[in-house]
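Trainee: I would like to go through some labels and what backs them.
Mentor: Good. Have the model open.
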Amino acid sequence: MKKLHPTAGWVLIEELPEEEKTSVGVYLPETSKDKSVKGKIVAIGPYMQNENYNLVLYEQIRSAGIVIFKKWATNEVNDNGKKYVLVKFEDVIGYYEDGKT
């Protein structure tokens, strides 16, 4: 089976389920959910060598494991029955240092 690889400047992410309720047990309505999403990095494309900013982002997220990205800045992909999203490096807005939430 062929493996999907993102091109330069892109990250392939498997979305993690959104929280349905708060830590104190209050259920969240659909309208109050964040416009950013957590996801697990599946693959990272190479950085663009002509952009130093891109290299910094690449170095920060390549070892992260779990990242937070802008929800509306994604491209959905189906690969072998699994859903993924492709996100540009600059649309990753945070990461968990130890790869866990």
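Trainee: Why does Lys 82 count as partly exposed?
Mentor: Its relative accessibility is 39%. Buried means under 20% relative accessible area, exposed over 50%, partly exposed in between (1.4 Å probe, protein chains only). So Lys 82 is partly exposed.
Mentor: Some ground rules. This is a predicted model, where local features need pLDDT of at least 70, side-chain atom pairs count only at pLDDT 80 or more, and totals for chains, interfaces and linings use all residues. Residues are numbered from 1 along each chain as its sequence is written, and side-chain values use heavy atoms, with hydrogens and water left out.
Trainee: What makes Lys 82 and Glu 14 a salt bridge?
Mentor: The N to O distance is 3.7 Å. The rule asks for a side-chain nitrogen of Lys or Arg within 4 Å of a carboxyl oxygen of Asp or Glu. The pair therefore qualifies. Lys 82 and Glu 14 are 68 residues apart. Glu 14 is partly exposed, at 25% relative accessible area.
Trainee: How do you know that Asp 91 forms a salt bridge with Lys 70?
Mentor: Their closest N and O atoms are 3.6 Å apart, so the 4 Å limit is met. The count comes to 2 salt bridges.
Trainee: Why is Asp 91 called buried, or is it exposed?
Mentor: Buried: Asp 91 has a relative accessible area of 13%, and the cut-off is under 20%. Lys 70, at 39% relative accessibility, counts as partly exposed.
Trainee: And Tyr 47: what makes it partly exposed?
Mentor: A relative accessible area of 29%. That value falls between the 20% and 50% limits, so Tyr 47 is partly exposed.

Note on methods: Helix = DSSP H or I, 4+ residues; strand = E, 2+ residues; numbered from the N terminus.
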